[in-house]
Amino acid sequence: MTDPRRLLRGWSPAAALRGGARALSWLLHPFVLPLSLLAVLLSSTLFVFYPLSLKLYLTWVVALYTFVIPLLSLGVLRISDRLSALREVRQGERVAPLAVWVVCCILCVLTLTKVPTALFLRKFFVAEGLCGLLCMVPYLLRWRISLYMTAAGAVVAALTVMNLAGAGALLAPLLVAIAASGLVATARLHLGRHDGMQTLAGFLAGFVVTMAVLLFL
């Protein structure tokens with residue numbers, strides 16, 4: 001039987017906090033948030049009246065272009081030695097994944113044109129693509145804007161617009177998204193991935209771009 005003291009020997013509050021911060025970073029990863037937003041839309045807005053086949057189609061399209069292909073692309077870049085360990089991606093390595101993200105958003109928008117009533121989703125992924133382009137600029141200038149917070153800001157903006165439009169019972173999801181943004185910001189700061197300005201800039205970039213696209217495009 002394993003001695004409990006051996007299990008606790010390497011434990012410390014600092015290690016537990018870092019482990020929790022890493023777990024939050026994976027749980028609230030930019031690849032995961034679009035699917036989370038779609039789940040909210042399919043369960044709490046007019047999307048709930050879509051037939052099951054259409055819901056599954058939308059889920060597959062969003063999962064393919066915002067999770068499967070971007071994740072596979074990171075794996076290919078890693079295998080080809082164009083990307084270091086995923087937790088320690090170096091500054092100059094971030095432009096290629098962002099370019100893949102922008103292309104995936106474009107393909108997602110084009111695919112969603114087959115569902116005329118999914119206008120909100122198409123606009124959201126237009127905004128996601130523009131956020132990707134915008135985030136390339138500071139990385140080219142060697143400034144580490146937070147991509148996690150950009151994604152979080154985009155989701156908060158989308159839920160804010162839906163609440164303003166009275167599209168469904170979305171106040172609770174909005175509050176959860178705001179709280180999740182605070183948690184992921186704290187996690188990234190605790191892990192030393194970004195400073196306060198980079199974190200704030202990421203959130204504002206995602207929020208402002210997404211609000212502008214959803215309201216005025």
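Start with the whole chain in cartoon view: you should see nine helices and zero strands. Keep in mind that this is a predicted model. Walking from one end of the sequence to the other, the pattern reads α-α-α-α-α-α-α-α-α.

**The whole protein**

Switch on a surface. The protein exposes about 11400 Å², and carbon and sulfur atoms supply 73% of that area. Of the 217 residues, 47% count as buried. If you draw the contacts between residues at least 6 apart in sequence, 74% of them join residues at least 24 apart.

Next, colour by pLDDT. The average for the protein is 87, and 89% of the residues score at least 70. Two elements mark the ends of the scale: helix α1 (residues 4–9) has the lowest mean pLDDT, 55, while helix α9 (residues 196–216) has the highest, 96. Where pLDDT is low, the predicted coordinates should not be read in detail.

**Stop 1: helix α9**

Select residues 196–216, the span of α9. How far apart are its end C-alpha atoms? They are 30 Å apart, which agrees with the 30 Å that its 21 residues should span at 1.5 Å a residue.

Look just before the helix for Asp195, which caps the N-terminal end of α9. One of its side-chain oxygens lies 3.1 Å from the backbone nitrogen of Met197.

Now show the buried residues of α9, among them Thr199, Gly202, Ala205, Val209, Thr210 and Met211. What covers them? The cover includes α6 (119–140), α7 (147–164) and α8 (171–190), so it is handy to keep these helices displayed as you look at two residues of α9.

The first is Gln198, in helix α9. Its relative accessibility is 9%, so Gln198 counts as buried. Show its surroundings and, leaving out residues up to four places away in sequence, you will find that Gln198 touches Trp143, Arg144, Ile145, Ser146 and Arg193.

Then move along α9 to Gly206. Is Gly206 buried or exposed? With a relative accessible area of 0%, Gly206 is buried. Set aside the neighbours within four places in sequence, and the contacts of Gly206 are Cys131, Thr150, Gly153 and Ala154. Draw a line from Gly206 to Thr150: their C-alpha atoms are 4.2 Å apart, although 56 residues separate them in sequence.

**Stop 2: Lys123 in helix α6**

Select Lys123, which has its place in helix α6. This lysine has a relative accessible area of 18%; the limit for buried is under 20%, so Lys123 is buried. Beyond residues up to four places away in sequence, Lys123 touches Val213, Leu214 and Leu217. Which atom of Leu217 should you pick out? Its backbone oxygen lies 2.8 Å from a polar atom of the Lys123 side chain. For another distance, try Val109: its C-alpha atom and that of Lys123 are separated by 7.9 Å, with their positions 14 residues apart along the chain.

**Stop 3: helix α4 and its kink**

Select residues 52–79, helix α4. At 1.5 Å a residue, its 28 residues should span 40 Å, and the end C-alpha atoms are 38 Å apart, which agrees. Where does α4 kink? Centre the view on Leu64, where there is a kink of about 45°.

Thr66 is also found in α4. At 1% relative accessibility, Thr66 counts as buried. Its side chain reaches the backbone oxygen of Val62 at 2.6 Å. Display the residues around Thr66 too: not counting those up to four places away in sequence, Thr66 touches Phe31, Pro34, Trp101 and Phe125.

**Stop 4: helices α2 and α3**

Go to Trp26 in helix α2 (residues 13–27). With 48% relative accessibility, Trp26 counts as partly exposed. Add Val184 to the view: Trp26 and Val184 are 158 residues apart in sequence, yet 9.6 Å apart from C-alpha to C-alpha.

Finish at Ser43 in helix α3 (residues 33–44). A polar atom of the Ser43 side chain lies 2.8 Å from the backbone oxygen of Ala39. Then select Gly168 as well: 125 residues along the chain from Ser43, its C-alpha atom is separated from that of Ser43 by 9.5 Å.

Key: Residues numbered from 1 in each chain as written. Predicted model: local features only at pLDDT ≥ 70, side-chain atom pairs only at ≥ 80, totals over all residues. Heavy atoms only, no water. Helix = DSSP H or I, 4+ residues; strand = E, 2+ residues; numbered from the N terminus. Buried < 20%, exposed > 50% of the residue type's maximum accessible area, 1.4 Å probe, protein only. Contact = heavy atoms within 4.5 Å. Areas by Shrake-Rupley, 256 points an atom, 1.4 Å probe, with all protein chains shown as cover. pLDDT = per-residue confidence, 0-100. Expected span 1.5 Å × (residues − 1). Bend = angle between axes of the 7 residues up to and from the residue. Polar contact = N/O pair within 3.5 Å; in protein donor to acceptor, adjacent residues only side chain to side chain.
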